[in-house]
Amino acid sequence: MIYERPRSLCDVPMHYCPGCTHGIAHKIIARVLDDLDICSKTVGIAPVGCAVFAYDYWECDMQEAAHGRAPAVATGIKRVLPENIVFTYQGDGDLAAIGTAETVHAAARGENITIIFINNAIYGMTGGQMAPTSLPGQVTQTSPYGRDPKVQGNPVRMCELLSTLDGPSYIARVALDSIPHIKEAEKAVKKAFQNQIDKKGFSLVEILSTCPTNWGMTPADAMKWVSENMVPYYPLGVYKDL
């Protein structure tokens, strides 16, 4: 066998749009659960957003959370079941808009959880509105002339923000726009889960991802847009590692 589906990834069709990289992110997480042999004791928190049905795609236990509240739900589960591995899977609207407070304070407390943050610079599920992570000049349904920082403010860089806190043990940003970057993304996700196993505290991996449908692009052009626009604005790398 040269390649096979990860055991922790359910054998079901996904609902995501063609070219969306949620599927790649799901596979990375499943491979990490397999490599660390932790699927049977892992609890994932599904968000509100495009990944609202994430509970259909992993073989681990899953819990749905209200919009933005995944870190709070994860905190409760981890404190009640400290030997379980608990992770959240959240988009930029869920984590960096309505869930900003939950994210910041879970990080400040150093909760021993893992957060996977999908940044596609737009609201996907609700039709393509401007997100906290939308780039300056980016055209969205609510910024039809392009995001103007003087009017709509500047994008939020979550890795840079969270890395200033004392609580987090690991903060990293990766991307899914190329095979080398996908390999680096898997290493970062694995480290974030290993940190939790080692009881090092709060870990977050931000993953720059595509949204071809709401960007109005082909899948290939969307990958190129990540490389040429998102990566320069959201530099990849490790922002904190204790």
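Tutor: Let's start with a working rule: two residues are in contact when they have heavy atoms within 4.5 Å of each other. Keep in mind that this is a predicted model.

Student: Okay, let's try that on helix 2. Which elements cover the buried residues of helix 2?

Tutor: Begin with the residues themselves. Buried means under 20% relative accessible area, and in helix 2 that picks out Ala70, Pro71, Ala74, Thr75, Ile77 and Lys78. Their cover includes strand 1 (42–46), strand 2, strand 3, helix 4 (100–109), strand 4 (114–119) and helix 7 (179–197).

Student: Helix 7 is on that list. What does Gln196 touch?

Tutor: Gln196 lies in helix 7 and is buried, with a relative accessible area of 1%. Leaving out residues up to four places away in sequence, Gln196 touches Lys78, Asn84, Ile85, Val86, Asn112, Ile113 and Thr114. Lys78, you'll recall, is one of the buried residues of helix 2.

Student: And just ahead of helix 2? Is Gly68 buried or exposed?

Tutor: Gly68 is in the loop between strand 2 (61–64) and helix 2 (70–80). Its relative accessibility is 0%, so Gly68 counts as buried. With residues up to four places away set aside, Gly68 touches Gln90, Asp94, Ile98, Gly99 and Glu102.

Student: Now backbone angles. Which value does phi of Asp37 take?

Tutor: Look for a positive phi in a residue other than glycine: for Asp37, phi is near 55°. Asp37 sits in the loop between helix 1 (22–36) and strand 1, and at 62% relative accessibility Asp37 counts as exposed. Ala121 also has a positive phi, near 65°. Ala121 is in the loop between strand 4 and helix 5 (149–152), but at 0% relative accessibility Ala121 counts as buried.

Student: On to pockets. How much space lies in the largest pocket?

Tutor: The general idea is that rolling a probe the size of a water molecule over the atoms shows where empty space is left. Here the largest pocket holds about 250 Å³. Its lining has 19 residues, and Val48, Gly49, Cys50, Gly93 and Gly124 are the closest to its centre. Strand 3 (85–91) and helix 3 (92–98) are the elements that give two or more residues to the lining. Sorted by class, the lining residues are 8 nonpolar, 9 polar and 2 charged.

Student: Last topic, salt bridges. How many does a search of the whole structure find?

Tutor: The search finds 10. When you read one, check the N to O distance, then where each partner sits. Glu186 and Arg31 meet through their side chains at 3.0 Å, N to O. Glu186 is in helix 7 and Arg31 in helix 1, so the pair ties together parts that are 155 residues apart in sequence. Glu186 counts as buried at 15% relative accessibility, while Arg31 counts as partly exposed at 31%.

Student: Where do Glu111 and Arg79 lie?

Tutor: Their side chains form a salt bridge at 2.5 Å, N to O. Glu111 is in the loop between helix 4 and strand 4, Arg79 is in helix 2, and 32 residues separate the two. Glu111 counts as buried at 6% relative accessibility, and Arg79 as exposed at 57%.

Student: What about Lys191 and Asp241? Which elements hold them?

Tutor: In this salt bridge the closest N and O atoms are 3.5 Å apart. Lys191 is in helix 7 and Asp241 in strand 7 (residues 237–241), so parts 50 residues apart in sequence are tied together. Lys191 is partly exposed at 28%, and Asp241 is partly exposed at 42%. Finally, salt bridges that share partners join Arg79, Arg109 and Glu111 into one network.

Conventions
Residues numbered from 1 in each chain as written. Predicted model: local features only at pLDDT ≥ 70, side-chain atom pairs only at ≥ 80, totals over all residues. Heavy atoms only, no water. Helix = DSSP H or I, 4+ residues; strand = E, 2+ residues; numbered from the N terminus. Buried < 20%, exposed > 50% of the residue type's maximum accessible area, 1.4 Å probe, protein only. 1 Å grid on protein atoms, 1.4 Å probe; cavity = no way out; pocket = protein on both sides within 12 Å on 5 of 7 lines; lining within 4 Å. Points joined across faces, edges and corners; volume = space filled by probe spheres on them. Nonpolar A, V, L, I, M, F, W, Y, C, P; charged D, E, K, R; others polar. Salt bridge = Lys/Arg side-chain N within 4 Å of Asp/Glu carboxyl O.
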